[in-house]
Amino acid sequence: MPHASLISVHSQDDRLTVAGRGAWTSEYADELEQAVDDTAHTYAHPKGVEIDLSAVERMDTFGALLFERLKRSWKGTGVEPQVKGLAPRYKVLIEEMGRMGQEQPPPARRHEAILERFGHETVNVAADAGALLNFVGASVAAMGRVLLRPRSFRFTAMVNQLDRVGLRAVPIIILITFLIGCILAQQGIFNFRRFGADIYVVDMVGVLVLRELGVLIVAIMIAGRSGSAYTAELGSMRMREEVDALRVMGFDPVEVLVVPRLLALIIALPLLTFIGSMSSLLGAGLVSWGYGGITPDVFLDRLKGAIDMDQFNVGMIKAPFMAATIGIVACLEGLRVGGSAESLGAHTTASVVKAIFLVIVMDGVFAMFFAAIDM
Amino acid sequence: MDARTSTTAEATNHREAIISVHDIVVGFGDRVILNHLDLDVYRGEILGFVGTSGGGKSVLTRTILGLVPKQSGTVEVFGQNLDDLSERERSALERRWGVLFQQGALFSSLTVKQNIQFPLRENLQLSQRLLDEIAYTKIEMVGLKCDVAEKLPSELSGGMIKRAALARSLALDPEILFLDEPTSGLDPIGAGEFDELIRTLQQTLGLTVFMVTHDLDSLHTVCDRIAALADGKVIAQGTIEDMMAEQHPWLRAYFHGTRARAVQAARR
């Protein structure tokens with residue numbers, strides 16, 4: 001008989017004497033389970049059973065539970081096992097175990113099959129679009145109310161947000177856009193040189209940065225940096241019932257929490273776009289000088305000819321719209337966070353992904369629009 | 001104070017101190033929270049630990065558990081100095097205590113059953129059947145219905161979260177149970193039932209319980225001994241009667257205030 005260290009069985013005329021031994025505790029629970037199952041399986045239909053626990057040195061819930069399992073397996077066949085030698089200190093535990101396990105365990109949580117999930121997701125996308133439109137409406141209405149009663153506007157909160165999403169983002173924005181400018185110029189010069197057209201790198205960088213890349217890079221950076229922060233902040237406020245607290249005090253959470261954040265982004269993003277574009281041009285200028293031999297005065301002269309106010313305006317006009325998109329998506333996702341940490345993570349991810357996606361879609365729409373009006 | 005505590009200490013001297021905190025100093029910045037504090041917890045008792053809000057009750061618990069660094073002093077658990085243990089010895093020791101945090105601290109992305117099975121899976125090699133049986137047993141032991149097993153913590157009420165968290169802290173059959181304000185946030189009936197539960201479990205499983213509490217009812221009904229913390233020290237320890245007889249102004253206010261009188265009147 002294996003597992004003899006924990007259970008030994010003596011059989012005589014179909015009468016069993018089962019002797020427990022050693023430590024019936026969690027450390028040996030695996031072995032004990034096998035021993036219990038083997039014993040119950042090998043001697044499935046005895047006439048009488050006596051279980052002797054006098055040599056069991058220690059017992060915890062694991063041991064007591066398995067003892068109960070052994071007892072019940074014989075009870076099921078109509079034999080009532082006699083128990084002897086139970087140490088008094090384990091009596092309560094054994095009695096307690098005897099009362100357990102009468103209830104039917106609940107069915108396991110079901111995981112959705114692929115088609116079912118696909119269906120749910122499709123419905124969700126539609127619901128998402130509805131919720132987004134709804135939220136845009138709520139935000140605009142809240143801003144309208146603020147316009148009607150300017151004294152209710154939370155100016156301090158907005159300045160605070162402006163500091164966080166604007167001022168503190170400046171160093172990283174300058175660094176990234178500077179590097180992008182450098183790379184653009186280097187690649188431009190490298191490839192244009194083959195046609196003897198290095199000087200056109202100034203045109204390319206000027207148009208690309210001012211029209212498209214400056215605002216796009218900055219918007220994506222801000223969606224990742226500030227959008228995610230908005231979602232996480234509002235999400236944890238929802239988890240701790242702070243949003244409900246605002247509501248019961250008669251405040252509109254959209255007005256108190258969303259409007260200042262949204263306005264801060266709408267103000268900050270064009271400023272950051274401007275800073276980013278300038279820093280990009282600086283990077284491009286330096287690389288053109290060092291790598292392409294285009295001196296700063298030539299670069300500036302060329303830039304003046306290559307771009308006009310329209311190019312600059314196209315970039316700047318897009319910025320506030322992108323800011324509003326990022327802000328609305330981030331706040332909406334934040335206010336939809338449920339009770340769990342997992343839900344906070346999921347919504348923060350969704351916030352960043354959706355914001356970046358919408359920013360790029362919006363950029364495409366703007367490109368068509370500006371092409372149509374010849375700008 | 002010294003005379004009193006030393007007599008209580010003598011009376012309990014023959015008992016085995018399962019947790020022994022000696023000369024502990026803990027502070028944050030230049031604020032000293034625990035100032036050369038001494039405390040013993042004996043095997044098989046339920047110790048109630050009281051003190052002012054923000055007075056360092058939770059800090060002491062967290063210091064014993066190793067969550068807060070101490071500046072000096074020693075903590076001995078099961079006769080082993082926690083500072084002398086290797087990583088392995090330490091994690092072996094940590095399996096022998098269970099902690100119920102104030103807010104439950106259930107993992108919010110796991111179901112109740114998975115929460116209870118988490119320490120089991122990490123520490124033991126068990127079959128799925130035994131894992132499930134153990135989880136259901138623990139759930140029943142703390143007085144919950146089996147159908148909470150598949151629920152997420154966010155779907156439970158406050159009282160159920162406490163019980164589920166208690167079930168998790170009992171998962172590995174610990175010898176010491178730390179409870180941080182177990183009855184706070186429960187209604188009086190729920191709190192009473194919870195006290196009863198702690199008492200039953202303590203007797204069933206032979207636990208030693210270290211309970212930080214503010215609940216005068218708990219102190220009266222379940223605690224074998226009470227230790228009071230003030231000014232960073234244990235100013236008194238003993239039974240509830242000893243506490244009532246103390247002359248320290250804070251203890252008088254605590255055990256003879258209006259709420260305390262109401263509790264005593266109700267008990268009579």
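A residue is called buried here if 20 or more other C-beta atoms lie within 10 Å of its own. Keep that cut-off at hand for the exercises below, and remember that this is a predicted model.

**Exercise 1. The two chains**

Describe chain A and chain B by burial, by secondary structure and by the sequence separation of their contacts.

Solution. Start with burial. Of the 375 residues in chain A, 34% are buried. For the 268 residues of chain B, the buried share is 42%.

Next, count the elements. Chain A has 12 helices and four strands, and chain B has 11 helices and 10 strands.

Finally, take contacts between residues at least 6 apart in sequence. In chain A, 85% of these join residues at least 24 apart; in chain B, 67% do.

**Exercise 2. The sheet of chain A**

Work out the strand order of the sheet in chain A and find its edges.

Solution. First, the order: four strands of chain A run β1-β2-β3-β4 in an open sheet, and their pairing is mixed. Then the edges: β1 (7-12) and β4 (82-84) of chain A each pair on one side only, which marks them as the edge strands. From one strand to the next, the twist averages 15°.

Now look at one pair inside the sheet. Strand β2 (residues 15-24) and strand β3 (residues 48-59) of chain A are joined by nine bridges in the parallel sense. To place the register, begin at A:R15, whose bridge partner in β3(A) is A:G48.

**Exercise 3. Two helices within chain A**

How are α1(A) and α2(A) oriented to each other?

Solution. Two packed helices are described by the angle between their axes and the distance between the axes. Here the axes of α1(A) and α2(A) come within 10 Å and cross at roughly 10°. Angles under 35 degrees count as roughly parallel, so α1(A) and α2(A) are roughly parallel to each other.

Which residues make the contact? From α1(A) come A:A29, A:L32, A:E33, A:V36, A:T39 and A:A40, and from α2(A) come A:F62, A:G63, A:L66, A:R69, A:L70 and A:S73. By class, this contact has seven nonpolar, three polar and two charged residues.

**Exercise 4. Across the interface**

Follow α2(A) to chain B and classify its crossing with α5(B).

Solution. Begin with the whole contact between the chains: 24 residues come from chain A and 26 residues from chain B. On the chain A side, the elements giving two or more residues are α1 (29-42), α2, α3 (91-99) and α12 (341-372). That side has 10 nonpolar, six polar and eight charged residues.

Then zoom in. Helix α2 (residues 61-75) of chain A and helix α5 (residues 128-141) of chain B have axes that come within 11 Å and cross at roughly 105°. The two helices are therefore roughly perpendicular. In this contact A:T61, A:F62 and A:L65 of α2(A) meet B:E133, B:I134 and B:T137 of α5(B). These residues divide into three nonpolar, two polar and one charged.

**Exercise 5. The nonpolar cores**

Which element gives the most residues to the largest nonpolar core?

Solution. In soluble globular proteins, nonpolar side chains tend to be buried together. The largest nonpolar core in this model has 98 residues, and B:L47, B:V209 and B:F210 are among those with the most contacts inside it. The element giving the most to this core is α2(A), with seven residues.

Take B:V209 as a sample position. Beyond its neighbours within four places in sequence, B:V209 contacts B:I46, B:L47, B:L177, B:L179, B:I198 and B:Q202. A second, separate core of 51 residues includes A:L213, A:A223, A:L262 and A:A323.

Notes:
Residues are numbered from 1 along each chain as its sequence is written. Chains are lettered from A and ligands numbered from 1 in the order in which they are written. This is a predicted model: local features need pLDDT of at least 70, side-chain atom pairs count only at pLDDT 80 or more; totals for chains, interfaces and linings use all residues. Axes are lines fitted to C-alpha atoms, for helices over the stretch in contact, and angles run from 0 to 180 degrees between N-to-C directions. Angles under 35 degrees count as roughly parallel, over 145 as roughly antiparallel, 65 to 115 as roughly perpendicular and the rest as oblique. Two residues are in contact if their C-beta atoms, placed from the backbone, lie within 7 Å. Ala, Val, Leu, Ile, Met, Phe, Trp, Tyr, Cys and Pro count as nonpolar, Asp, Glu, Lys and Arg as charged, and the others, Gly among them, as polar. A residue is buried if 20 or more other C-beta atoms lie within 10 Å of its own, exposed if 12 or fewer, and partly exposed in between; C-beta atoms are placed from the backbone. A nonpolar core is a set of buried Ala, Val, Leu, Ile, Met, Phe, Trp, Tyr and Cys residues joined through C-beta atoms within 7 Å. Two strands pair if DSSP finds at least two bridges between them.
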